[in-house]
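Biologist: Could you take me through one part of this protein at close range, namely the aromatic side chains and whatever sits around them? Start with the overall layout so I can find my way.

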Amino acid sequence: MPSSFEFRAFRCLRAELGELDCYSECIEIAIRQLVDNALKSGSPVSHIQELSRKFSVRVDDIDVASLPVHVCQLYLVTVHQQFERFLADLSKEYGTAKIWSKTSKESWLTSVLRNIGPDVDTAKSRVGELPVLVVEYYRGVRNKFAHPDFDAARFSKNLPRIRMAMPASKYAKLSAPNTYNEVTFDDFILFSRAVKDSALGISKLCQPTPAEIAQMLTEVDEDEGFSFVSLKQKKASSRIRTATLASLRHLYGLSEAEGLEVVDILLSGALA
C-alpha cells in the first residue's frame, strides 16, 4: 500500500487545526491580558464597562474570573467540530472504495473504528488507546457544553485512567485533562494534539491500495483539481500522464513512484 498517501480529509484537518491553533493562541493572550487588567483595576465590572464603551461592544453582565474557562470550553467545541467533520469526510471519501456503515446510535468515531476493525477495541488499540480516550473525553465535554443537563459522569469515567497514563506519554508536560468547570488552555492543546494523533492513526489503518485510490478518484469533483470524466475522454499521452500524476500528488501527497502506479490504473481503462 502507498506509504506516502494521505486522505484529503486528513490533509484538510491538519491545515484547519494549524489555523485554529494560531487564532486560539492569540485569543488566549488577549483573554489573559483582559482578565489580568480587570482584576488589577480593583473593580472588574467597571473595567469591563469602560472597555465596552470604548469599543462600542455591549456587555450586559459577566463573571470575569470564569471567562478563561468559558473561552477554553469554546476552543474544545471547535476542535470537536473539526474532528467530527474529518470522520464524516473520511467515511465518505474512503466509502468510494469500501462501503462503510453507520448506525444512528453510534458516534462518528465509534463508526469509523468499527469499520476499520476488526472491532472497535482492536482498532482503538491500534490507533492509540490514550489519544482515543482523550478524544472521547473531550467529546463528552463538548456534549456537556451543548446540553447543560448532560450527565458529566458519563464522560468522566475514564478521567482517572487518562491521568494515570499522562506522565509516561508524549503529552506529559501538559496540565490536563481537567474537569468540565476547570478546563484550561492546556486542555485545548491536549485535545488538538490527540485529535491529530487519532486522525493519523485512523488514516494509517485504512490506507487504500493503488486500485482503491484510483476508484476514489472517480468521485473527486472537478473543482478539486481532477476530473475522471474528462480523463476518460482523453488519449493517454506523456502530457496527460504527467498532469494526472501532478493531480495525485496535489490531492493525496503521493510520491512519484507510488503515484505512477495509480496513474497506470486510471489510464488503463480498467475503471468504469
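Modeller: Sure, layout first. This is a predicted model, and its protein chain comes out as 13 helices and zero strands. Reading from the N terminus, then, you meet α after α, right through to the end. The chain has 272 residues, and 44% of them count as buried. Take the contacts between residues at least 6 apart in sequence: 67% of those join residues at least 24 apart. As for the outside, the accessible surface is about 14,700 Å², with 52% of that belonging to carbon and sulfur atoms.

Now the aromatics. Any such pair is described by two things, the distance of the ring centres and the angle of the planes. Searching the whole structure turns up ten aromatic pairs. One of them is F83 with F86: the ring centres are 6.0 Å apart and the planes meet at 20°, which is under the 30 degrees cut-off, so this pair counts as stacked. You'll find both residues in helix α3, which covers residues 67–94, and they sit three residues apart, about one turn of the helix. F83 and F86 are both buried.

Compare that with F185 and F188. Here the centres are 5.3 Å apart and the planes are at 40°, so the pair is tilted. Helix α9 (residues 185–205) holds these two, and because they are three residues apart in it, about one helical turn separates them. Like many a phenylalanine you'd go looking for, they need a burial check too: F185 and F188 are both buried. There is also an aromatic cluster, made up of Y137, Y138, F150, F155 and F191.

Back to the stacked pair, since each of its rings turns up again beside a cavity. The count is two cavities of 30 Å³ or more. The largest has a volume of about 40 Å³, and F86 is part of its lining, along with A9, C12, L13, E16, Q82, R85 and D89. The elements giving two or more residues to that lining are α1 (8–40) and α3. By type, the lining of the largest cavity splits into four nonpolar residues, one polar and three charged.

F83, for its part, helps line the second largest cavity, together with H80, E84, L87, L109, V135, E136 and R139. The volume of that second cavity is about 30 Å³. Two or more of its lining residues come from each of α3 and α6 (129–146), with α3 giving the largest share, four residues. The split by type for the second cavity is four nonpolar, one polar and three charged.

One last stop, back on the helix of the tilted pair. L205 also lies in α9. With a relative accessible area of 30%, L205 is partly exposed. Setting aside neighbours within four places in sequence, L205 is in contact with I116, A123, R126 and V127. And G117 is 88 residues away from L205 along the chain, yet their C-alpha atoms are separated by 8.9 Å.

Technical notes: Residues are numbered from 1 along each chain as its sequence is written. This is a predicted model: local features need pLDDT of at least 70, side-chain atom pairs count only at pLDDT 80 or more; totals for chains, interfaces and linings use all residues. Side-chain values use heavy atoms; hydrogens and water are left out. Buried means under 20% relative accessible area, exposed over 50%, partly exposed in between (1.4 Å probe, protein chains only). Contact means heavy atoms within 4.5 Å. Accessible areas come from the Shrake-Rupley method with a 1.4 Å probe; for residues, only the protein chains shown count as cover. Rings of Phe, Tyr and Trp (its six-membered ring) pair if their centres lie within 6.5 Å; planes under 30 degrees apart count as stacked, over 60 as edge-to-face and the rest as tilted. On a 1 Å grid over the protein atoms alone, a cavity is a set of points where a 1.4 Å probe fits but cannot get out, and a pocket is an open set with protein on both sides within 12 Å along at least five of seven lines; lining residues have an atom within 4 Å of a point. Grid points are joined across faces, edges and corners, and a volume is the space filled by probe spheres set on the points. Ala, Val, Leu, Ile, Met, Phe, Trp, Tyr, Cys and Pro count as nonpolar, Asp, Glu, Lys and Arg as charged, and the others, Gly among them, as polar.
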